[in-house]
Amino acid sequence: MSPTRLLEIRKRLERVMDGPWAIGQEKTGEWFVEKTNDYGEEQAWIASCGRCGGEETADFIAHARMDLPDVIDRIEHLEAALRAVMDRKGPYSQNPLKHAENTILAMADLARRGLEGEDLV
């Protein structure tokens with residue numbers, strides 16, 4: 001994903017109502033998304049999901065508001081870690097094959113550590 005695309009997504013997130021968002025169900029059975037306060041009390045109605053997939057869609061929309069910033073931050077974090085590996089110059093810079101091997105090993109180690117949740121930068 002390009003940096004421009006990530007920036008577009010981040011800007012869209014900045015324009016929507018802040019969270020937390022929650023789901024609820026009307027007496028008619030239709031699901032909706034609403035902004036709530038820290039006590040779970042409704043603050044604003046966001047969307048009806050009765051005809052667009054029901055509970056699963058409402059749940060996805062409600063969580064997306066809080067999940068997407070974390071996903072974007074994680075992508076940017078991993079890209080920064082990858083750039084750090086790619087920019088490294090080591091004792092093998094005169095030997096491109098050895099340097100490539102070291103880079104691949106370092107990237108694999110960073111990927112493992114990243115998947116384990118370690119802060120890499």
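These are my notebook entries on one protein chain, taken from a predicted model.

**Entry 1: overall layout**

I began with the secondary structure and found three helices and three strands in the protein, which follow one another from the N terminus in the order α-β-β-β-α-α. I then looked up burial over the whole chain, and buried residues come to 24% of the 121 residues. For the contacts with a separation of 6 or more, I noted that 41% are between residues 24 or more positions apart.

**Entry 2: how the strands pair**

I went through the strands next, starting with strand 1, residues 21-25, and strand 2, residues 31-36, which run antiparallel and are joined by five bridges. As one example of this pairing I wrote down I23, whose bridge partner in strand 2 is V33. Five residues lie between the two strands of this hairpin, and G29 there has a positive phi near 95°.

On to the other pairing of strand 2: strand 3, residues 42-48, pairs with strand 2 over five bridges, also in the antiparallel sense. Here I noted T36, which has E42 as its bridge partner in strand 3.

**Entry 3: burial of strand 2**

Which residues of strand 2 are buried on one side, and which on the other? I listed W31, V33 and K35 on one side and F32, E34 and T36 on the other, so that both faces are covered, in keeping with the count of six buried residues out of six in this strand. As background I added that side chains in a regular strand alternate between the two faces of the sheet.

I took T36 as a residue to follow up, since T36 belongs to strand 2. T36 has a relative accessible area of 5%, and because buried means under 20%, T36 counts as buried. Setting aside neighbours within four places in sequence, I found T36 in contact with P20, A22, E41, E42 and Q43, and E42 in this list is also the bridge partner of T36 noted above.

**Entry 4: the loop between strand 1 and strand 2**

I checked two glutamates in this loop. E26 lies between strand 1 and strand 2 and is partly exposed, with a relative accessible area of 41%. The C-alpha atoms of E26 and S48 are 9.4 Å apart in space, while the two residues are 22 apart in sequence.

E30 sits in the loop between strand 1 and strand 2 as well, and at 28% relative accessibility E30 counts as partly exposed. From E30 to A58 I noted 28 residues in sequence and 9.8 Å in space, C-alpha to C-alpha.

**Entry 5: the largest nonpolar core**

Which residues make up the largest nonpolar core? I wrote down six in all, namely W21, W31, V33, C49, A58 and A62, and noted that strand 2 and helix 2 each supply at least two residues of this core. As a general remark, nonpolar side chains tend to be buried together in soluble globular proteins.

I then looked at A62 within the core, and, not counting residues up to four places away in sequence, A62 touches W21, A22, I23 and V33. Of these, I23 and V33 are the bridge partners from Entry 2, and W21 and V33 are listed in the core itself.

**Entry 6: the largest pocket**

Last, I looked up the largest pocket, which holds about 150 Å³ of space. Its lining is made of I9, R12, L13, V16, W21, I61, A64, R65 and L68, and by class these residues divide into seven nonpolar, no polar and two charged.

Which helix gives the largest share of this lining? I found that helix 2 does, with four residues, and that helix 1, residues 3-15, and helix 2, residues 54-87, each supply at least two. I closed the entry with W21, which appears in the pocket lining and is also one of the residues of the largest nonpolar core.

Terms used
Residues are numbered from 1 along each chain as its sequence is written. This is a predicted model: local features need pLDDT of at least 70, side-chain atom pairs count only at pLDDT 80 or more; totals for chains, interfaces and linings use all residues. Side-chain values use heavy atoms; hydrogens and water are left out. On a 1 Å grid over the protein atoms alone, a cavity is a set of points where a 1.4 Å probe fits but cannot get out, and a pocket is an open set with protein on both sides within 12 Å along at least five of seven lines; lining residues have an atom within 4 Å of a point. Grid points are joined across faces, edges and corners, and a volume is the space filled by probe spheres set on the points. Ala, Val, Leu, Ile, Met, Phe, Trp, Tyr, Cys and Pro count as nonpolar, Asp, Glu, Lys and Arg as charged, and the others, Gly among them, as polar. Two strands pair if DSSP finds at least two bridges between them. A nonpolar core is a set of buried Ala, Val, Leu, Ile, Met, Phe, Trp, Tyr and Cys residues joined through side-chain atoms within 4.5 Å. Buried means under 20% relative accessible area, exposed over 50%, partly exposed in between (1.4 Å probe, protein chains only). Contact means heavy atoms within 4.5 Å.
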